[in-house]
Amino acid sequence: GQTGCSSGTFSTVRTVNWAGTLYVYDNAWNSDGTSYNVTNIDKLNPNYNVVYTTSSWTNSNVTVSITCSDAAATSSYASSGCNMIWIASWARVWNTYSRIFTSNTSSNITIRDNAGNTRTASYSVWNIDKTNPVVSATNSSATWVNSNISINLSASDSGVSGLTQARYSWTNSLNWSCSSWWTVYSNGTNITKSSNGQQTLYLCARDNAGNVWTWNGIYRLDKISPTITDNYAYDNVWHTVWNTITLTPADAAPSSSINTTRYCWGSSCNVNSGTVGTSIPATGQINNTIRYRTWDVAWNASSIGTIIVKVDTTNPTISANNQSATIWRPNMWMNITLSAWDSWGSAINYAKYSWDTNDATCRSSGTSFTNAQNITSATIPGNSQGTHTLYLCIRDTAGNTNSWNWTYKFDDDNPTIIDNYTYDNVWNNIWSIITLSPVDPNASWANSISWIQTTRYCWGSSCNVNSGTVGTSIPA
């Protein structure tokens, strides 16, 4: 088309790129022409591209890279090229922007090309979670208990990615990634420890960002009662020796081990508040009951053991009456009373007597007797006269012994007596001294007979000779 002009001035406005030829004419229609080309009009907004190092949940930093590109040229508009990226009023960069973010954030950006066209957009980092989840369990303790342990398991995540799994195990399999092997549980799960022994419970939790947290706690359970024994060999048996008694407590594995041992005196004493110790010292003569018991650290109690201690160190006593070393006695009236008694608790087991045979141990020979029993010399074997020793022995139930002996002299044969007077009951005119001759028979016994003790005489047909004059010579 043609456009007229005057004064030699021509002006036109182009809104898009355009190419053309300008011709100039004078009034004589002389002309000249020149071409022109409008190529620098760019009304297209620039483009941008945001790249994140990851678009999934992560517990690492996220790098955001933003690049600027101008829209492609068209028939109407040119592509002036990217000029700069405005991150904020205080930050601008050329063409490319990259930043490492340690936490979630969002921001606006403005892209500008060389023609001044802009585009506003935003970017957001939402997938960073560096907060570890939390796991725990109740009733973990270094203290031993004696009943099943109820355990509540918890697992939570305060981070943004959320909990993906929680697991537990009584055996550490080095599963610190919390990915397999162990048993999966949910928050609030209850489990029970019922097996004896010390165990460690391991917990782990993992969130969607890969954060892992672990926990472990010790649990000690002992439901097995301990046992206890003693070394006393004379339970409820009388004995003469008192030795220290040793108590031996034991706690079978797996165990909490022995905590305390107590004992007390008396058949109904309270052993739970008794004397602490495993050694019971000697206390002399006694007839009493010991009760004992032991506890482990978990306070399981053993059954109550008992010992009946009977110790008697006092010898019993024996004797017999009618003791005399010089008096001879006739068998016909000799009575001997035997005595036997025990002044302390074990009582007499047996007492025995024998003639002329000594049984110091009081175990074999001899005849049993009881206290205050009477015997006569007729118990002498063969009922023989002479000198005989009576042996007594005694033993109490504890084994204490005692012995006694005495020598008795017996003579059953009456002595005889004669006189040398030849005029018995005949009148005579001569008076001579009359001699009396007493004789004890069986003189061959030597010390086994009593011999003559005394001789008496009196005057008168009814005089009492037993109180008469002593002597064997009756003077004229």
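**Strands, cores and loops in a predicted model**

Tyrosine 23 is placed in strand S1, which covers residues 18–25, in a structure that is a predicted model. Because its relative accessibility is 51%, and exposed means over 50%, tyrosine 23 counts as exposed. Together with Tyr25 and Trp29, Tyr23 makes a nonpolar patch of about 440 Å² on the surface.

Further along the chain, threonine 54 is found in the loop that runs between strand S3 (47–52) and strand S4 (62–69). Threonine 54 counts as partly exposed because its relative accessibility is 26%. When residues up to four places away in sequence are not counted, threonine 54 touches Val62 and Asn127. Valine 64 is 10 residues from threonine 54 in sequence, and the two C-alpha atoms are 9.3 Å apart in space.

Strands of a sheet pair through backbone hydrogen bonds, in either a parallel or an antiparallel sense. One open sheet in the model has five strands with mixed pairing, in the order S18-S24-S23-S20-S21. Its edges are formed by strand S18 (238–239) and strand S21 (275–276), each of which pairs on one side only. Within this order, strand S20 (residues 258–265) pairs with strand S23 (residues 286–296) in the antiparallel sense, over seven bridges, and threonine 261 has threonine 294 in S23 as its bridge partner. Proline 254 lies in the loop between strand S19 (245–250) and S20, and the peptide bond that leads from alanine 253 to proline 254 is cis, with omega near -5°.

In soluble globular proteins, nonpolar side chains tend to be buried together. The largest nonpolar core of the model holds 18 residues, of which Ile336, Leu338, Trp355, Leu390, Leu392 and Tyr408 touch the most other members. Two or more residues are given to this core by each of several elements, including strand S27 (335–341), strand S28 (348–355) and strand S31 (386–396). Among the contacts of tryptophan 355, residues up to four places away in sequence being left aside, are Ile336, Ile375, Leu390, Tyr408 and Phe410. Another core, of 16 residues, lies apart from the largest one and includes Val135, Leu153, Leu201 and Tyr219.

Two loop residues other than glycine have a positive phi: alanine 372, with a value near 70°, and asparagine 425, with a value near 65°. Alanine 372 is placed between strand S29 (367–368) and strand S30 (373–376), and its relative accessible area of 48% makes it partly exposed. Asparagine 425, in the loop between strand S33 (416–419) and strand S34 (434–439), is exposed, with a relative accessible area of 76%.

Terms used. Residues are numbered from 1 along each chain as its sequence is written. This is a predicted model: local features need pLDDT of at least 70, side-chain atom pairs count only at pLDDT 80 or more; totals for chains, interfaces and linings use all residues. Side-chain values use heavy atoms; hydrogens and water are left out. Patches are made of residues with over 30% relative accessible area and no salt bridge: like charges are joined within 9 Å, nonpolar side chains (Val, Leu, Ile, Met, Phe, Trp, Tyr) within 5 Å. Accessible areas come from the Shrake-Rupley method with a 1.4 Å probe; for residues, only the protein chains shown count as cover. A salt bridge is a side-chain nitrogen of Lys or Arg within 4 Å of a carboxyl oxygen of Asp or Glu. Helices (H or I, at least four residues) and strands (E, at least two) are DSSP runs, numbered from the N terminus. Buried means under 20% relative accessible area, exposed over 50%, partly exposed in between (1.4 Å probe, protein chains only). Two strands pair if DSSP finds at least two bridges between them. A nonpolar core is a set of buried Ala, Val, Leu, Ile, Met, Phe, Trp, Tyr and Cys residues joined through side-chain atoms within 4.5 Å. Contact means heavy atoms within 4.5 Å.
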